[in-house]
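Biologist: Could you take me through the loop between the last two helices, one residue at a time? I'd like to know what sits there, what touches it, and how it fits into the rest of the chain.

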Amino acid sequence: MASAETTFPADIDPTLPGHPDPYPLYRRLRETDPVHWSPFMNGWVLTRHADAADYLRDDRFSRVAYLDAMRVKFGGGGPILKFQSGELSFLDPPEHSWLKNVVAKAFSPQRIAAMRPHIQAAVDAMLARVADAKTMDVVADLGYPLPADVIAKMIGVPSEDWPLLREWVDGIVVSRGVVRTPAMMAEGNRAAENFQAYLRELIARRKAEPADDLMSALIGAEEKGRRMSDDQIVIMAETLFAAGHATTRNLIGNGVLALLNHEGELKRLRADPDLIESCVEEVLRFDPPTQAPSPQLALEDVDLGGRRIRKGEAVSVLFGATNRDPARFADPDRFDIAREDNEHFSFSFGIHYCLGASLARAEAQIAIATLVRGMPRLRLATGYLKWQEMGRFRGLESLIVEF
């Protein structure tokens, strides 16, 4: 196994899920061991912006090879790994290029823009439910239900089925981390079986009776004379729910917390609501909802950041570290909602840049702006915060506020 010059005890390893404040440790890694071997992740993690940029566009690393290793480890892996093997973010070119092009035709900027009124209406309804209480849990009352509501609406899932789908999504997300255990995989496989059966029924209904929704658009999308199979459509819909739900939920919670912890920036946003777009970009950089992308395996020996990565070793990126690299960002530990030249990696980079980034941005912009505008006395109700133990995702279990 690879070794590093600097070792970190497991109880302070910043790659551990649920760490309350990994950023001082990320800084320490960047300064002393920037290409770090993590026993917890059983692979290399990159902490410098330049190294991450090189890695994320290097075709000597493969997501397909990583999933092949997971199948060996878990004896096939069941529905979760079968689904991920066809997921856009786990494909290598040329199949990746074809699928990204065909999906982009259905998941267009026009479709995202058309969803903004629904997103606003959903946020307004969720905040109206808690208005009389004068207190709310930003995660449970807004961050958790909003992305599921929006994606379900886009796909064409009847509203009465949304709670059931959210339950399955939670099970799937648990099994999508950088670190996977047999128990996590078993929970994810059960949820995936139920979710996939539901989606296949929905596909059959949309083939018989097309509608103006994303599911019908995916069924009809074509690229180079070829359409997506039912399996590919199921995988894409499941990806939107699983990856999009966790990312957007955490982005909203982390964003509200960052503003409440930086009173000057909160006042600045209230004074200039047009800063909401750059505000969300700064939240993504400052406290990213996804701390690491899925790993890739080296297809050959590769020199990276002064280290020799051996063929077959796993590599990932610590977005929370690269996004605060002083070699790329001025005063990187300062939360600045008007920051310019904000090239963060929170939606990855290169061919695996997140397809749902524009949707997550729209949801976070509308949710945070509506909270700030409608709750002038918004403040934290408790000083105790517990972070979810969800591997590569960083988000709060709850965020109780008063208004």
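**A close look at one loop**

Modeller: Let's start with Ser348, which counts as buried because its relative accessibility is 7%, under the 20% cut-off. Bear in mind that this is a predicted model. Ser348 sits in the loop between H15 and H16, that is, between helix H15 (319-322) and helix H16 (357-374). Its backbone is worth a look too: phi is positive, about 70 degrees, although Ser348 is not a glycine. For background, most residues other than glycine have a negative phi.

Ser348 shares that trait with Asp331, where phi is again positive, near 45 degrees, in a residue other than glycine. Asp331 is also found in the loop between H15 and H16. Is Asp331 buried or partly exposed? With a relative accessibility of 45%, Asp331 counts as partly exposed, whereas Ser348 is buried at 7%.

Now move along to Gly350, another residue of the loop between H15 and H16. Gly350 is partly exposed, with a relative accessible area of 36%. So what does Gly350 touch, once its neighbours within four places in sequence are left aside? The answer is Leu56 and Lys100. The C-alpha atom of Gly350 is also 9.6 Å from that of Tyr55, and those two residues are 295 apart along the chain. That sort of long reach fits the wider picture: of the contacts between residues at least 6 apart in sequence, 73% join residues at least 24 apart.

Back to Asp331, since charge comes into play there. As a general point, side chains of opposite charge can pair when their charged atoms come close. One such pair is Asp336 and Arg334, whose side chains meet in a salt bridge, 3.3 Å from N to O. Asp336 counts as buried because its relative accessibility is 10%, while Arg334, at 39%, counts as partly exposed. Salt bridges with shared partners put Asp336 and Arg334 into one network with Asp331, Glu265 and Arg268.

The other end of that network takes you to helix H13 (residues 263-271), which holds both Glu265 and Arg268. Those two are three residues apart, about one turn of the helix, and their side chains form a salt bridge at 3.0 Å, N to O. Glu265 counts as buried at 14% relative accessibility, and Arg268 counts as partly exposed at 32%. So, when you click on Asp331, bring up Glu265, Arg268, Arg334 and Asp336 as well, because salt bridges that share partners join the five.

How many salt bridges does a search of the whole structure find? It turns up 27. One of them, for contrast with the network, pairs Asp33 with Arg307, the closest N and O atoms being 3.0 Å apart. Asp33 lies in the loop between helix H1 (23-32) and strand E1 (35-38), and Arg307 in strand E9 (residues 307-309), so this pair ties together parts that are 274 residues apart in sequence. Both of its partners are buried.

One more backbone oddity, away from your loop: the peptide bond from Pro93 to Pro94 is cis, with omega near 5 degrees. Pro94 belongs to the loop between helix H4 (78-85) and helix H5 (95-106). Most peptide bonds are trans.

Finally, zoom out. The secondary structure comes to 16 helices and twelve strands. The radius of gyration is 21 Å, close to the 22 Å that the globule rule gives for 403 residues, so the protein is as compact as a globular protein of that length. The C-alpha trace spans about 55 × 55 × 35 Å along its principal axes. Buried residues make up 57% of the 403, and Ser348 counts as buried too.

Note on methods
Residues are numbered from 1 along each chain as its sequence is written. This is a predicted model: local features need pLDDT of at least 70, side-chain atom pairs count only at pLDDT 80 or more; totals for chains, interfaces and linings use all residues. Side-chain values use heavy atoms; hydrogens and water are left out. Helices (H or I, at least four residues) and strands (E, at least two) are DSSP runs, numbered from the N terminus. The radius of gyration is taken over C-alpha atoms; the globule rule is 2.2 Å times the number of residues to the power 0.38. Buried means under 20% relative accessible area, exposed over 50%, partly exposed in between (1.4 Å probe, protein chains only). Contact means heavy atoms within 4.5 Å. A salt bridge is a side-chain nitrogen of Lys or Arg within 4 Å of a carboxyl oxygen of Asp or Glu.
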